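Here is a short question-and-answer tour of one protein model. Look over the sequence and coordinates, then work through the turns.

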Amino acid sequence: MIQSDQELLEKLRAEIIERAFATNENRHIISPRGVDMTWIFDFRPILLSKTLDTICELFWRRLQGEGSFQVGGLETAAIALVAGMAMKGREKGGDLHGFYIRKSRRKDGFQKGIEGDVGQEPIILLDDAMNSGKSIMRQIKALEAEGKKVRAVCVIIRFRDVSFYEEFAKRGIKIISLFTLDDFPASEGMKVFAVRSRPMIAPPKDGFDIEWQFASDHPSYFRILPKSAPAIDETRLYFGADNGILWALNQFDGSVAWKFRTLYGTGDKRIFSSPAVWNCTVYFGAYDGNFYALDASTGKKKWVYLEADWIGSSPVVAEDLGTVFVGLEFGLWKKKGGITALDAKTGEKKWWHEMETYVHSTPGYSRKSGIVVVGSTEGNVYAFEARNGKPLWTYKTEGAVRAGFAFDEKRGIVCFGSEDKYMYALKIKNGELVHKIETLEPIYSTPLVHEGTLYFGVLDKRMFSVDLDTGAVNWKFWTMSRIFSTPVIADGRLYFGSNDGRLYELDPKTGAETSYFQTTERIVNKIAYNSGTKRLFVPTYANEIYCLTRHE
């Protein structure tokens, strides 16, 4: 006997209550943010059982009026739903096409982000639950980048009112759900959830237009870590790519002004060093062991420093000294790293110090104090007199220090993160500890100091704001994935990227998200901003550059 929609819904609701809805009465529930939860929906037990057929039957009935379509979704819940819907299509006498989207692009093999062939039919995205909609928006962007159209999103349960999802409505995407939280009173319903989610504050909107987009060929998806971030002058943008090319692009339209190719590297490493631009010169290191100074106008070599085996460090220029500092790496026993100071005009070595472990860290320079600092993979931070290389102090952490440094000259503080899960603030003059802020995971990004506040991202998916006078945390903002990128303040807004492919725009005072831009690949590097043209240049780890302007 064929059951009615209402009978099937009641049957499914009973299954969800019995097998998929859990409270903290008899078990401990932790949220993605590491805090206790009172309840949770865990749909895996029913998606991997005969109840999947009931769900797919209800989905099929809701989608009958959509004409021809194909189904897809994000792993892992969508894998079962897509498979179930494909079988349901065969049962109904058709051939329903399906695919799923990976949370992370494969590092090996074909390095796919989408498994299965996406056909030409309009797409219905499937999921078990819909909350903020951020993960679904990323799927939509990924499919739009392939020239595909999403017609609707179909989920078992929707957590928020339909009006919350206006970004979907603007794209003409329907939201179809079998249930809402109000159908499960033990969850306290949509009203209580909405109050906790501050519904009076509208969700952030995509506030940017793409002026142009550039993609270097042959990106490496294997290395998920900061690569070569873009640097700009008044008219051009410079960055290194996985294929060994240092690109110079015209900021106006993204056209190639010139390119410089390094001939080799080590494995799939070519250029991870972020260039520095000064005095019409572009400085960068490469994994061929060379440090290059190129003419910014033509890309011609001015000079090359040849003494390293590899260079992953990014340079910093001391303009008042006419000196460029960079970290070095070697393949020698007890001489695996070092820092060198080079004459910025000639490339002549002014001084250098060797270290027993690799130096991937970007040196930091304090003009006021005349000090340069650098980190190492053994966890030490070294400070030297910038003019002559005289060692001043060393500070030991318990994890590798791979990124760069931020100075608060007013307070005489230098800040940096370590893989030991702490952010440090030390006195520049003597290395004395001022603040030590604990995080849940390692730190692999360079912090930012702005108006007495320290901002930094962590691999635990959070962006921190810390008062440098007290060391107290002002606010913490959660993203959906790890943060490698360095934050930037531009026109009173805080910008940074995350491995979820999202460029976040926050109010630096409150940590509230004010806008965003969604890419299809991870954002692991610092963005660049031209204050004259009001353009943001957003890099992805796939060697892409997006040139963005804000909506009026």
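**Charges, rings, a helix and a sheet**

Q: Over which ring does the charged end of Arg105 sit?
A: A charge sits over a ring if NZ of Lys or CZ of Arg is within 6 Å of the ring centre and within 35 degrees of the ring normal. The charged end of Arg105 lies 3.9 Å from the centre of its ring partner. That ring belongs to Tyr221.

The model is predicted: local features need pLDDT of at least 70, side-chain atom pairs count only at pLDDT 80 or more, and totals for chains, interfaces and linings use all residues. Residues are numbered from 1 along each chain as its sequence is written, and side-chain values use heavy atoms, with hydrogens and water left out.

Q: How far is the charged end of Arg502 from the centre of the Tyr516 ring?
A: Arg502 places its charged end over the ring of Tyr516. The distance to the ring centre is 3.6 Å.

Q: Why is the pair of Phe41 and Phe184 called edge-to-face?
A: The structure holds 41 aromatic pairs. Rings of Phe, Tyr and Trp (its six-membered ring) pair if their centres lie within 6.5 Å; planes under 30 degrees apart count as stacked, over 60 as edge-to-face and the rest as tilted. The centres of Phe41 and Phe184 are 5.3 Å apart, and the pair is edge-to-face because the planes stand at 75 degrees.

Q: Is Phe184 buried or exposed?
A: Buried means under 20% relative accessible area, exposed over 50%, partly exposed in between (1.4 Å probe, protein chains only). Phe184 has 2% relative accessibility, so Phe184 counts as buried.

Q: What is the geometry of the pair formed by Tyr283 and Trp303?
A: The ring centres of Tyr283 and Trp303 are 6.1 Å apart. Their planes make 50 degrees, and the pair is tilted.

Q: What end-to-end span should helix H5 have?
A: Helices (H or I, at least four residues) and strands (E, at least two) are DSSP runs, numbered from the N terminus. The expected span is 1.5 Å times one less than the number of residues. H5 has 12 residues (134–145), and its end C-alpha atoms are 17 Å apart, which agrees with the expected 16 Å.

Q: How many residues of H5 are buried?
A: H5 is mostly covered. Among its buried residues are Ile136, Met137 and Leu143. Of the 12 residues, the buried ones number 9.

Q: Which residue of E34 is the bridge partner of Met463?
A: Two strands pair if DSSP finds at least two bridges between them. E33 (residues 462–467) and E34 pair in the antiparallel sense over 5 bridges. The partner of Met463 is Phe477.
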